[in-house]
Amino acid sequence: MRIPQLDRRVLYMLLALVVSIPLLVNVPLPPPAITPPTKSFYETIETVSTDPKTKDKLVIISCNFGSGTLAENLSQLEATLNLIVSKRMKFAIFAFNDPQGRDLGGSTAQRIADKAGYKYGEDWVNWGFRPPQGIQSLLKAMVNDLHGALGTDVKGTKLSTIPVMANYKKADDVGLIIEYAAADTVKYWVQFFQRAGTTPIATLFCPTSVMANEAYPMLETGQLQGMLVGLKGANEFETLMKRPGFATRASASLSYSHLLIILLIILGNVGMIQDRKRQQGATK
Amino acid sequence: MFQVQHGAALYTHLAGAAVVSVILFFALTLVPTKLRRPLIMAVTFAAGLFYALEFFWPVSGPESDQKNFLTSYIKPFSDITTVLQSFALGLGVYSLVSIHMRKVARTQSGWAYSLVLIVSMIVMVIAHIGKEYIKSPWVHQLNEFAYSGLMKSLDATMFSIIAFYIVSAAYRAFRIRSTEATILLVSAGIIMLGQVAIGQAITNAIPNEGLTANLRVENMANWILKKVNSPAIMAIDFGLGVGGLATALRLWLSLERGSYFEEEL
């Protein structure tokens, strides 16, 4: 049987159906296997939140993503923030690569913090957005003086007057950095902040799936303690927390779209082999 | 060195900074042509030297607060960098608006797109900056409409379109025409299956302990990512790092040649 050449519009329609149907109708799916980067990500938060040396330190939530990668980065942010507030850890929202990160991270944090009974200024703070061009020098300045380097929070209030920041003045007061990004911005934390204090700060990374490949070497070298790889990482994290959210619902779309791509690659290759045989037959 | 200001003091400082900047820029335009290049070289070298010295100079003091004599100037330098970048942003906006305004005024081809750009820019600036300072509900509604209603959705839409191109490319271009292409295809297939629950389910029956665990698709995918992908990325990063260092040195010492570096100033 000859494989017909599929029109581009048919392919687009197939993908649209495969992605949208599992979001509208509950499609059963086996639970995901928990991969080592996700496992170590979860364990790092557990360790930081229970270790007497780090449990009272600040968590920096660095939101360097825009609406283009909401499906992946926002799912990761929601899943991890839920765990952080359940551990009663104090956190600061920060953005330096995409101005949208300030609002997307801030509004998500506000929603989750309100549910958990967190108060702005007492339990968490939004440092706001800083331009990416000067981020290297800003991070270097933050090492010894968080208040002076950052100046004010997103509302224009001096950091030194915000209660939650009273005990957090330098890199040594930070217990954990989590970077949510659509690019490789975690390298700035690793280069200029992570090891600039007296003890290295645990650093976790939540990239989009396409960016994850570039971060694997940092996992191998121990510069990163864990990583959530895109939407699939968020799905695994929700499974570990036993708290299904958007990532769990969307993982069926992800699964079936991957299957569709594999199927189309096979079909394309079978068609190519058939064409080749036909051409060989014609020349004989 | 620079303190955060509020209220009337903020506006006084802003006006003062603007006046000083204008005078400084005017003074720079008066520098003789022959002296401009040496001046740029000297400023570039001094700026780079500060960070190099601060990094390499020995530190002293208590373990939790080790500094050298330059460490406390990092913050003012960071502020100066941000201010200079803001000038670059202003220049970029001016350039963009002037080009597109000219296009609209002369009704050149594609002028309608230029008009959309200018109108969108003005609306977004009013809405997004206005919501920080103006209490009026219409500003917040405008921001909701322009940012949350339009920009966020358009941004997400643009990004999601990639998926359709990937599907089309996978069907049309991912062919096993050579040994390398076959290796690439098999690896890609394993990674794709290993990344999703339905792919992982294929080998769920295999125990996740002992030698047989290596046959589970997620473990194969993880092995490829860690043992094959990581060294390749590290090698590329190492090359990029060495190249970056060489370029940084050439820029710092004003040895760079070619476009932007040899033009008459």
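In the predicted model, strands β5 (residues 202-207) and β6 of chain A run parallel and are joined by two bridges. Within this pair, A:F205 has A:M227 of β6(A) as its bridge partner. Both strands belong to an open sheet of six strands in chain A, with parallel pairing and the order β3-β2-β1-β4-β5-β6. The edges of the sheet are formed by β3 and β6 (226-227) of chain A; each has a single partner strand, so one side of each is without a neighbour in the sheet.

At the other edge, five bridges connect β2 (residues 91-95) of chain A with β3(A), and these two strands are also parallel. One of the pairs matches A:F91 with A:W124 of β3(A). Between the two strands the chain passes through helix α4 (residues 99-116) of chain A, and the resulting β-α-β crossover is right-handed. Although β3(A) is an edge strand with a single partner, six of the six residues of β3 (residues 124-129) of chain A are buried, so the strand is largely enclosed by the rest of the structure. In a regular strand, side chains point alternately to the two faces of the sheet.

Chain A as a whole contains ten helices and six strands. Its C-alpha trace spans about 85 × 40 × 35 Å along the principal axes. Of its 284 residues, 52% count as buried. Among the contacts in chain A between residues at least 6 apart in sequence, 74% join residues at least 24 apart.

Chain A is assigned two domains, with domain 1 covering 1-30 + 248-284 and domain 2 covering 31-244. The centres of domain 1 and domain 2 of chain A, taken over C-alpha atoms, are separated by 38 Å. Contact between these domains involves five residues of domain 1 of chain A and eight residues of domain 2 of chain A. On the side of domain 1 of chain A that touches domain 2 of chain A, three residues are nonpolar, two are polar and none is charged.

Helix α5 (residues 135-144) of chain A is mostly covered, with eight of its ten residues buried. The buried residues are A:I135, A:S137, A:L138, A:L139, A:K140, A:A141, A:M142 and A:N144. They pack against α6 (146-150) and α7 (186-192) of chain A, together with α3 of chain B. The surroundings of α5(A) thus include elements of both chains.

The contact between the chains takes 54 residues from chain A and 49 residues from chain B. On the side of chain B that touches chain A, the elements giving two or more residues are α3 (74-105), α5 (137-173), α6 (179-195), α7 (197-200) and α8 (217-252) of chain B. The most is given by α5(B), with 13 residues. By class, this side of chain B divides into 23 nonpolar, 15 polar and eleven charged residues.

For chain B, the domain assignment gives domain 1 (109-167) and domain 2 (174-251). A distance of 38 Å separates the centres of domain 1 of chain B and domain 2 of chain B, taken over C-alpha atoms. Helix α2 (residues 33-56) of chain B has 24 residues, which at 1.5 Å a residue should span 34 Å; the end C-alpha atoms of the helix are 35 Å apart, in agreement with that value. The number of buried residues in α2(B) is zero, so this helix lies largely in the open.

Backbone phi angles were also examined. Most residues other than glycine have a negative phi. A:K242 is not a glycine, yet has a positive phi of about 55°. This residue is placed in the loop between α9 (230-241) and α10 (246-283) of chain A. A:K242 counts as exposed because it has 6 C-beta neighbours inside 10 Å, and 12 or fewer is the criterion for exposure. In chain B, B:T107 likewise has a positive phi, near 45°, in a residue other than glycine. B:T107 is placed in the loop between α3 and α4 (111-133) of chain B. With 10 other C-beta atoms within 10 Å, B:T107 is exposed.

Methods:
Residues are numbered from 1 along each chain as its sequence is written. Chains are lettered from A and ligands numbered from 1 in the order in which they are written. This is a predicted model: local features need pLDDT of at least 70, side-chain atom pairs count only at pLDDT 80 or more; totals for chains, interfaces and linings use all residues. Two residues are in contact if their C-beta atoms, placed from the backbone, lie within 7 Å. Helices (H or I, at least four residues) and strands (E, at least two) are DSSP runs, numbered from the N terminus. Ala, Val, Leu, Ile, Met, Phe, Trp, Tyr, Cys and Pro count as nonpolar, Asp, Glu, Lys and Arg as charged, and the others, Gly among them, as polar. The expected span of a helix is 1.5 Å times one less than its number of residues. A residue is buried if 20 or more other C-beta atoms lie within 10 Å of its own, exposed if 12 or fewer, and partly exposed in between; C-beta atoms are placed from the backbone. Domain bounds come from an automatic or database domain assignment. Two strands pair if DSSP finds at least two bridges between them. A crossover is right-handed if, with the strands pointing away from the viewer, the path from the first strand over the helix to the second runs clockwise.
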